[in-house]
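Thank you all for coming. I would like to walk you through one protein this morning, starting with its overall build and then turning to the spaces inside it and on its surface. Please keep the view open while I talk.

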Amino acid sequence: MSIAEEMVNRTKLAYKINFKESRPDSFETKRLIIRHFKNSDWQDLQQIAISKESSEFADCDHEWPTDDESTKGITNFFATKEQFWAVEVKSLSKIVCMVNFNGINSENQMDIGHVMNGEYFDNDYEYEALGVLYDYCFKYKNPKAIIAHWVIADKKKIEPLQKLGMEAISIGLGDAFKANDQGVKRKIEGCKLVVTIDEWNSFY
């Protein structure tokens, strides 16, 4: 049986949680549906992958395939795992962002990553979706903190996280994941971003 619960998170954004068999199954705001992937989402995920691989920061992460068959396979895999969330814009009927609950570390910190289709930057879609998912994570998975790791120069990705109250710590230089055409991996300045449960709850 499916039931729904109305919530308000620290961003003062109202959202609805849809439950399935007593577990949160999807979320809904005025603009977004945040749900698990379906096999039919592969073309939207492909566009996210193409956007990611064409970014100036593409070498800072593992390479994503962008061909049809590989993307279909990845989408089918995502659809079988509860850790992956698809962010669908209602007015577009389109997935514009993928969010991954990477897991809880030994310090009881949940690592949450996201990849956005760059065509839809500057609409606060990722800010809105992550605000809902962070709230869900703290309420239902009980970590002491939520963390993320990324390149500090990527303002389009970092700024929504900072807007949610995450603080950049452990800033340092490291090698990119992939080498350039000359076989050299550039140096990148990465950071760990953190927001604790107490910091999250203090915004109420």
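Before anything else, a word on names: helices (H or I, at least four residues) and strands (E, at least two) are DSSP runs, numbered from the N terminus. What you see is a predicted model, in which local features need pLDDT of at least 70 and side-chain atom pairs count only at pLDDT 80 or more, while totals for chains, interfaces and linings use all residues. Residues are numbered from 1 along each chain as its sequence is written, and side-chain values use heavy atoms, with hydrogens and water left out.

Let me begin with the whole. The protein has five helices and 10 strands. Its radius of gyration, taken over C-alpha atoms, is 17 Å, close to the 17 Å that the globule rule (2.2 Å times the number of residues to the power 0.38) gives for 204 residues, so the protein is as compact as a globular protein of that length. Of those 204 residues, 46% count as buried, where buried means under 20% relative accessible area, exposed means over 50%, and partly exposed lies in between, with a 1.4 Å probe and protein chains only.

Now to the empty spaces. On a 1 Å grid over the protein atoms alone, a cavity is a set of points where a 1.4 Å probe fits but cannot get out, whereas a pocket is an open set with protein on both sides within 12 Å along at least five of seven lines; lining residues have an atom within 4 Å of a point. Grid points are joined across faces, edges and corners, and a volume is the space filled by probe spheres set on the points.

How many cavities of 30 Å³ or more does a search of the whole structure find? The search finds one, and about 30 Å³ of space lies in it. Its lining consists of L45, A49, W64, P65, T71 and I74, with helix 1 (42-53) and helix 2 (68-79) each supplying at least two residues.

The largest pocket holds about 640 Å³ of space. Of the 29 residues that line this pocket, C60, D61, H149, W150 and K157 are the closest to its centre. Among the elements that give two or more residues to this lining are strand 8 (145-151) and helix 4 (155-163).

The second largest pocket has a volume of about 320 Å³, and of its 14 lining residues the closest to the centre are R23, P24, H36, E82 and Y136. Strand 3 (23-28) and helix 3 (125-140) each supply at least two residues of that lining, and strand 3 gives the most, with three.

Helix 3 deserves a moment of its own. It has 16 residues and reaches 22 Å from its first C-alpha to its last, close to the 22 Å expected at 1.5 Å times one less than its number of residues. Because 14 of its 16 residues are buried, helix 3 is largely enclosed by the rest of the structure. Just after helix 3, N142 takes a positive phi of about 60°.

Finally, two residues that are not glycines also have a positive phi: D124, at about 65°, and S170, at about 50°. D124 sits in the loop between strand 7 and helix 3 and is partly exposed, at 33% relative accessibility, whereas S170 belongs to strand 9 and is exposed, with a relative accessible area of 56%.
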